[in-house]
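Me: Hi! Could you walk me through this structure in plain words?

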Amino acid sequence: GGTIGIIGGGQLGRMLALAAAPLGLKAHIFDPHERPCAADVAAAFTRAAFDDVAALERFAAACDVVTYEFENLPVAPLATIAHKLRPGPESLRIAQDRAAEKAFVEDAGGHPAAWRQVDNPDDLAAAIDALGLPLVLKTRRDGYDGKGQAWVRDPADGPEALAALGHRPLVAEQAIAFDAEFSVVLARGADGDVAFFDSPRNVHEDGILRRSLLPAGPAIDSHVPEARRQAAAIAERLGHIGVLTVEFFACADGPLVNEIAPRVHNSGHWTIEGARTSQFEQHVRAICGWPLGSPDRTADTIELENLIGDEIERWPMLAAEAGAHLHVYDKGDARPGRKMGHVTRLR
Ligand code: ATP
Ligand code: MG
Ligand code: MG
């Protein structure tokens, strides 16, 4: 027995809690919301702000290990429970700031798309000179599902793009004409052992992951060894313990890092039914200091499809579909663009 603390009560926390149960581990959720969907499947729930140090200390004292299901958390309060926190505060600090992340990836021998820091109109002009057009501006912090991004196709678009992003600290990235997108989802154990899941082809629409597909095909598979090398180097340099995800663009010259997530990832949801050990169990194993499980695939052809917004209303049809594994997150309000569930098909 034992208790894992999970900071953040969204669907990733929910699926972590569900994976902990068969291992004899209880989950304790920490989240400021009234009814986060992970709390429904957990043994305990603490409702408190992410920067409430006293609440975090009580929470850590009640848990054997504490992890997090998303990276947009204040680092200083969490650093006060660093002795219990896996992955540690460094993984959080790097992955929550796109500029720090890209510099870190480069130092680790990885290859991000060409980029510049943009804090004002002069920086943007310099970025356009250096990177060419079009380019994409992204807020350094807090972006997800394509939120906090603006494309600049003409220098005249600059002022409007900066205003649309609220004049926040940004990075500019070169537009990448990629052949495809894929991700490396790996787990690094407390002993430094690393296990990789197979890399799916990720299909995005409007900045949101729509599908992850296996096999990914030769245009991606040929990049996977180099991508794994970069991802493992990043994990090693972070001293990361747990699951780490690196999103890549497959390009003519090799794989380019898009971004990293210090956690289980939407493009790894297929592992619940499609791998001998799911990404959620693998994360729990890693943070608890257990040996990693086998990441081997259980089927040749696997399709993960997200159910976004009111698509969740398809659930009765999907529940009736032979071989479709339905996951409903029970998040309440099905706002447009909100990830409400997913379905995995194995063949
Ligand atoms: P996530 O929900 O994965 O955290 P995010 O909001 O952090 O998303 P990104 O992953 O940075 O956003 O970008 C979302 C998508 O936009 C990418 O998967 C890709 O399809 C497209 N995109 C992002 N950056 C670039 C780029 N430099 N060139 C071309 N397309 C890009
Ligand atoms: Mg992101
Ligand atoms: Mg992304």
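Reply: Happy to; let's chat about the domains, a sheet and the ligand.

Reply: This is a predicted model, where local features need pLDDT of at least 70, side-chain atom pairs count only at pLDDT 80 or more, and totals for chains, interfaces and linings use all residues. Residues are numbered from 1 along each chain as its sequence is written, while chains are lettered from A and ligands numbered from 1 in the order in which they are written.

Me: Cool. Which domains is the protein divided into?

Reply: There is domain 1 (3-85), domain 2 (114-174) and domain 3 (180-346), with bounds from an automatic or database domain assignment.

Me: And how many residues does the contact take from domain 1 and from domain 3?

Reply: Domain 1 puts in 18 residues and domain 3 puts in 16 residues, counting two residues as in contact if their C-beta atoms, placed from the backbone, lie within 7 Å. On the domain 1 side, helix 1 (11-20) gives the most, with seven residues. Helices (H or I, at least four residues) and strands (E, at least two) are DSSP runs, numbered from the N terminus.

Me: New topic: what order do the strands of the open sheet have?

Reply: The order of its four strands is 3-2-1-4, with parallel pairing; strands pair if DSSP finds at least two bridges between them. Strand 3 (44-47) and strand 4 (65-68) are the edge strands.

Me: Who stands opposite Ala44 in strand 3?

Reply: That's His28.

Me: Last one: which residues come nearest to ligand 1?

Reply: Of the 17 around ligand 1, they are Tyr144, Asp145, Glu173, Ile176 and His204. Near means that the C-beta atom, placed from the backbone, lies within 6 Å. Both domain 2 and domain 3 supply at least three residues of that shell.
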